[in-house]
Amino acid sequence: MDLHLVMCLTKPRITYNEDVLSKDAGECAICLEVLQQGDTIARLPCLCIYHKGCIDEWFEVNRSCPEHPSD
């Protein structure tokens, strides 16, 4: 099996803090929709934020931040 594949599959999934936005915050890099006040978001340790539903789906396939894949 390819070493890179093994590393990717065994890399621990990033955890996040769930929150609700108190002000508009740019766009979600996954769905490219605007993050608006009141949206439920996930804030990763790298401080990137995404819609919670978007990052949940992302983490089903990937194990790193969409904007920092090598972390």
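1. Let's start with Gly-38: is this residue buried, partly exposed or exposed? In this predicted model, Gly-38 has a relative accessibility of 46%. Buried would mean under 20% and exposed over 50%, so Gly-38 counts as partly exposed.

2. Now find Gly-38 along the chain. Its place is in the loop that runs between strand β1 (17–20) and strand β2 (40–43).

3. Which residues does Gly-38 touch, once those up to four places away in sequence are set aside? They are Val-20 and Leu-21. You can also look at Lys-23: this residue and Gly-38 are 15 residues apart in sequence, and their C-alpha atoms are 7.6 Å apart in space.

4. The strands on either side of that loop are partners. β1 and β2 pair in the antiparallel sense, over four bridges. To see this pairing at the level of residues, pick Asp-19, whose bridge partner in β2 is Ile-41.

5. Next, step back to the whole sheet. Three strands make up an open, antiparallel sheet, and their order is β1-β2-β3. Why do β1 and β3 (49–51) each have one side without a neighbour in the sheet? Both stand at the edges and each has a single partner strand, so one side of each is left free of a sheet neighbour. On average, and ignoring direction, neighbouring strands of this sheet are turned by 35° against each other.

6. Finally, look for the helix that meets the sheet. Helix α2, made of residues 52–61, lies across β1, β2 and β3. Relative to β3, helix α2 runs at about 95°.

Key
Residues are numbered from 1 along each chain as its sequence is written. This is a predicted model: local features need pLDDT of at least 70, side-chain atom pairs count only at pLDDT 80 or more; totals for chains, interfaces and linings use all residues. Side-chain values use heavy atoms; hydrogens and water are left out. Helices (H or I, at least four residues) and strands (E, at least two) are DSSP runs, numbered from the N terminus. Buried means under 20% relative accessible area, exposed over 50%, partly exposed in between (1.4 Å probe, protein chains only). Contact means heavy atoms within 4.5 Å. Two strands pair if DSSP finds at least two bridges between them. Axes are lines fitted to C-alpha atoms, for helices over the stretch in contact, and angles run from 0 to 180 degrees between N-to-C directions.
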